[in-house]
There are 2 protein chains.
Amino acid sequence: MKTIEIKNAWQGESDCENCSIRSSALFAELNEEDFSKIHSPIDDLSFEAYAGIYQQGDKAGSLYTLRNGYIKILHINSDGSERIVRIVLPGNLFGMEALLGEAYEHSAYALTNVHLCRIPKNIISTLGEESPRLHRQIVKKWGEALLQSESWFSEINTGRIEVRLARFFLKLAKESGSFAIAPLFKREDMGLMMDVKCETISRALASMAEQGLISNITRLSVQIPNLELLRQFSKRGV
Amino acid sequence: MKTIEIKNAWQGESDCENCSIRSSALFAELNEEDFSKIHSPIDDLSFEAYAGIYQQGDKAGSLYTLRNGYIKILHINSDGSERIVRIVLPGNLFGMEALLGEAYEHSAYALTNVHLCRIPKNIISTLGEESPRLHRQIVKKWGEALLQSESWFSEINTGRIEVRLARFFLKLAKESGSFAIAPLFKREDMGLMMDVKCETISRALASMAEQGLISNITRLSVQIPNLELLRQFSKRGV
DNA sequence: CGAACCCTTGATCGTGTTCAATAGGCGTGG
DNA sequence: CCACGCCTATTGAACACGATCAAGGGTTCG
């Protein structure tokens, strides 16, 4: 494995036209003519877990597409309290405030090692007005972000914590043979997502394990032995 | 006052080019040429307080601009629990899911008597791809909705309820002479906004009044005798 | 004038917080 | 490679906040 001294490493310029996640990304619908209009370089970057990608208040010059890993979008309130407003999943766009104003409205931190593309805002604002295909895609991505934020809000912040955790797992779980695996993050981060303290997350995990809803709790993941059972629990509770 | 038998009344076709709130609305930047491309009628409607405007799951054929009053955007979770994900303020767009998919993702209800414009989605999807001005405005409105949703999330759902209520008042307060007035809604609705029961809202209001942070609590509004005091409270608590 | 609805208030209970102590991983340096 | 130390996670006990159940008081509208 490479030694990375600074927290992020430049991986080269992206070849968007042949990108492996292009179908789910911003440039999904672009044609060759559109691509020929892109002149600024789109950089391909990787960050270590817990590295900061941008800070609330920074001048917003680029938006980002996440290729893999997870990112937290953190909002700092005027009283200094923090709140995670959204988790970015692979294929999602973030830092879209760049299209609107001068500064980022939130901070973005890597939750895991991540790999992402940085797209200068001028590419989008010029191309967006010329290409109906990109226009459509931008509107779609904005919409997805809004829906994700709202569903996060509605589902991850309502009810007893164990139920919220269950919904959280169901959102992130990946099937793997007869069971599924969901990622865990630092307990404090998970607390910030659900407006709860880290001790409470810990206790809730323990209690869910006792009930057989999850197993093999580690620092970084849980196993879900029975997805259907968890789904029931997330709806009815207990 | 007019008697309105059905819950909403058609107020005529909108004259968008001369709309009084046009500067803050979707069509702010359009020019005469753009307007000439609008063929479907944009209706001007009014609804009584508590009327439903559209329901989660309805076929999404139009988006809306709120002219005056307040609207709640309600999300119903799979377990039947409800949550208010956003309050629409005058000048805001809502029902934008129409641009993305087939169905509305939430339900919209009037919190007060409201006055709004209904814009068929085909106007936007065709015009949006032809007019860079409208494109820019759509992206902007979409971004505003996302930021509002996220700040709602972050500020109205973190901390003790009295603090959350304080932030809520500060968001909605209108200055009026030496003091300010903030609207109140049904206690149950306020509870749905903050993930709290109506009794708790009631108690919090009483306690804030005792502390001199608010006064003259009625069914529909509170007075804020000292905005600066409330602002302090919303940051430091007590 | 009465009825429905909403808001308020009280008492008790449950959930999450807080403070504190302990245990477990992981990386570093010997 | 092991031992130490730091950081994070877990667990416990007392406490605070909001939920719940229940009763009473106000408004509004027919």
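**Where the protein meets DNA strand D**

Sorted by class, the surface near DNA strand D has 11 charged, 3 nonpolar and 2 polar residues. Here Asp, Glu, Lys and Arg count as charged, while Ala, Val, Leu, Ile, Met, Phe, Trp, Tyr, Cys and Pro are nonpolar, and the others, Gly among them, are polar. "Near" means that one of a residue's heavy atoms lies within 4 Å of the strand.

Before we go on, keep in mind that this is a predicted model, where local features need pLDDT of at least 70 and side-chain atom pairs count only at pLDDT 80 or more, while totals for chains, interfaces and linings use all residues. Residues are numbered from 1 along each chain as its sequence is written, chains are lettered from A in the order in which they are written, and side-chain values use heavy atoms, with hydrogens and water left out.

So who gets nearest to the strand? Of the 16 residues around DNA strand D, the nearest are A:Lys186, A:Arg187, A:Ser202, B:Thr200 and B:Arg203. Of the strand's atoms that come within 4 Å of the protein, 70% belong to sugar and phosphate.

Now zoom in on some atoms. A:Arg187 has a polar side-chain atom 2.9 Å from a phosphate oxygen of DNA strand D. On chain B, a side-chain N or O atom of B:Lys197 sits 3.1 Å from a phosphate oxygen, whereas for B:Glu199 the partner is a base nitrogen, 3.3 Å away.

Which helix gives the largest share of this surface? That's α6(A), with 4 residues. (Helices are DSSP runs of H or I, at least four residues, numbered from the N terminus.)

Key
Polar contact = N/O pair within 3.5 Å; in protein donor to acceptor, adjacent residues only side chain to side chain. Helix = DSSP H or I, 4+ residues; strand = E, 2+ residues; numbered from the N terminus.
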